[in-house]
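Visitor: I would like a close look at one small part of this model, taken slowly. Could you walk me through it?

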Amino acid sequence: MMCGTSIFGRPGKRLDSLRILLLFELIIRFSFGTVLIHADSSEREGIRPIADPGRPRYAATEPVKLDGSKSYDPDNSGTLSYTWRQKGGPSVVMTNANTATPTISGFLQTDEIQTCEFELAVSNGALTSLPNNVKVIIVPTLNEVTMVLENPAFDPEKPTIVYFGGGDCKIGLPNQSWNFPVWSSEANIVWSSKANIIDFPYGYVPDVNSVDPLTYYRYGDIIIVYLSALAPDYRQPIQTMGWSTGGQPAADVGLRLNMDYQDARYAVNRVTFLDATGICRDYSESIRRFLDSSVDGESCWIDNYVSTLTGTHLMRHLSFHPNVLNIGFEVMNHELARQWYGNSITNIDTENFNHGVIAGAYWSVIGPGKNLQLASTPDAKTYIFKWHGQASAGYMDFYDEPNHPGRLPEPVTLVGPVDAGYHNGVVLTCRASENVVGYQLLFGADSYRVIDYDIISDTSDPPDEVITSLPFEETWWTVRIRDQYGSSIYADPRCLDAHILSLPVENLATGKRYGYIQDAIDDCVSGDEIIITERSLIGTHHYSLRK
């Protein structure tokens with residue numbers, strides 16, 4: 001992801017798509033400077049082309065295409081030609097081997113994961129690249145494919161939710177789709193507009209020959225083949241959910257993708273249990289393994305919603321687990337957990353932070369707390385809350401505050417760059433959040449890989465260090481906060497470059513300067529005038545927005 005028109009604080013936003021709702025009169029004047037661009041016409045000679053065979057692919061029986069189209073010639077000295085060959089693995093069929101995108105077919109599945117390796121070399125007519133390799137992973141023989149995408153089309157820019165409905169502790173029953181009418185149509189619209197929704201409305205079955213516990217790993221195979229075909233460079237989070245019996249495949253898909261394939265593009269970093277109690281499976285081992293299945297540094301966590309009691313009539317209890325976010329319900333009803341969770345995306349009683357006593361869609365892959373990383377507390381049930389009410393109305397409170405007092409950290413709101421009063425110096429900070437003991441200012445080169453960011457400062461209050469230089473031409477920055485138990489959350493990173501560091505946005509009334517226009521708008525009052533100075537070749541533009 002590139003900075004785009006980054007003064008607007010939203011990567012990739014163009015000026016003509018900026019929509020601002022003003023409750024006051026505001027005039028914005030753009031004053032564009034000039035930029036001199038000098039192009040060096042000298043060319044380097046004798047540089048080999050670079051072969052890029054693309055990302056690994058996953059296959060079942062259908063053909064897949066490799067993609068070498070990102071191969072390039074640094075000195076543009078000739079049109080590239082492509083040569084592919086198979087280097088290893090079971091024999092398959094390759095067609096169009098002299099193009100950028102050959103097709104691989106003839107896969108023969110077995111009970112094991114198999115790997116084919118292919119080599120690409122490119123030539124500009126004078127020099128040939130060093131070879132580069134890519135793998136095609138053949139998944140084991142699949143269960144019957146009953147997967148459905150509930151959206152009109154898969155969107156690789158949205159996160160993905162994989163949902164399994166209820167069953168009889170062994171097989172998933174039909175007519176248990178994600179949009180089964182257990183929550184409002186408004187909620188369904190919101191979920192499907194913000195995430196890709198995958199479910200299994202025709203049911204599901206355990207893996208062949210699996211016994212005690214039954215396993216459902218093959219659905220992980222189905223999902224990775226599907227995602228690999230539609231989103232070979234996928235970088236959005238994936239969340240699995242299971243209601244009742246569906247908790248078993250929800251857990252097993254996460255385990256399969258994270259432990260057997262270990263591909264960060266398709267890793268599951270959270271599993272949601274919707275009244276998936278110990279009646280069908282003792283989840284202790286599944287939870288332990290999933291929480292230990294981090295892929296490429298991204299930690300995993302689980303939230304658990306329990307709306308019925310389990311156990312004998314002499315000792316009935318709620319199926320709470322250590323090391324996860326547990327939610328109980330005042331009303332005992334097996335369907336309530338999934339009804340409540342679905343409606344929580346639009347329920348006014350679950351939209352507010354509530355001082356850290358909050359759950360449901362708020363922490364999902366589409367919620368304001370989507371970047372939460374739950375603390376590792378293997379010997380403690382730190383966070384346990386309780387819902388008082390029905391599926392669409394009520395309130396959240398502690399389940400047992402004296403014994404389980406944990407409150408979750410409030411999502412981060414970034415502020416900055418802010419004028420620090422120093423020449424060429426700014427402060428990158430955030431608003432104070434509730435339930436927080438530490439703030440880390442982070443810099444990185446990739447908008448998605450926050451786990452790899454450098455820690456610039458680590459303080460008990462919002463960052464106030466003056467920044468005068470950047471480590472990358474386009475630097476991404478964010479603030480990560482943590483609570484006393486170790487749970488953390490960060491804001492979606494913002495892009496920062498030398499121009500933004502110069503604070504090109506100014507409120508003439510206050511004299512205050514900003515890096516992003518949205519920060520200036522949030523901070524201004526009626527009658528203020530904001531000037532934005534942008535380096536451009538397109539001239540001067542004036543925009544006026546009035547109440």
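Visitor: Which residues form a disulfide, and how far apart are their sulfur atoms?

Guide: Happy to take you there, with the reminder that this is a predicted model. The cysteines to look for are Cys169 and Cys280, which form a disulfide with their sulfur atoms 2.0 Å apart. A disulfide is a covalent bond between the sulfur atoms of two cysteines. The structure holds one such link. As for its geometry, the angle about the S-S bond is -80°, and the link of Cys169 and Cys280 is left-handed.

Now follow the chain on either side of the bond. Cys169 sits in the loop between β10 (160-164) and α1 (185-194), while Cys280 belongs to the loop between β13 (270-274) and α4 (284-291), so the bond ties together parts that are 111 residues apart in sequence.

Next comes accessibility. Cys169 has a relative accessibility of 25% and therefore counts as partly exposed. Its partner Cys280, at 23%, is partly exposed as well; the cut-off for buried is under 20%. Two further cysteines fall below that cut-off: Cys300 is buried, with a relative accessible area of 8%, and Cys430 is buried at 6%.

Before you leave, return to the loop between β10 and α1, where Ile171 is also found. Ile171 counts as partly exposed, at 31% relative accessibility. Together with Leu173 and Val205, Ile171 forms a nonpolar patch on the surface, and the three have about 200 Å² of accessible area together. That loop thus holds both Cys169 of the disulfide and Ile171 of the patch.

Note on methods:
Residues are numbered from 1 along each chain as its sequence is written. This is a predicted model: local features need pLDDT of at least 70, side-chain atom pairs count only at pLDDT 80 or more; totals for chains, interfaces and linings use all residues. Side-chain values use heavy atoms; hydrogens and water are left out. A disulfide is a pair of cysteine sulfur atoms within 2.5 Å. Helices (H or I, at least four residues) and strands (E, at least two) are DSSP runs, numbered from the N terminus. Buried means under 20% relative accessible area, exposed over 50%, partly exposed in between (1.4 Å probe, protein chains only). Patches are made of residues with over 30% relative accessible area and no salt bridge: like charges are joined within 9 Å, nonpolar side chains (Val, Leu, Ile, Met, Phe, Trp, Tyr) within 5 Å. Accessible areas come from the Shrake-Rupley method with a 1.4 Å probe; for residues, only the protein chains shown count as cover. A salt bridge is a side-chain nitrogen of Lys or Arg within 4 Å of a carboxyl oxygen of Asp or Glu.
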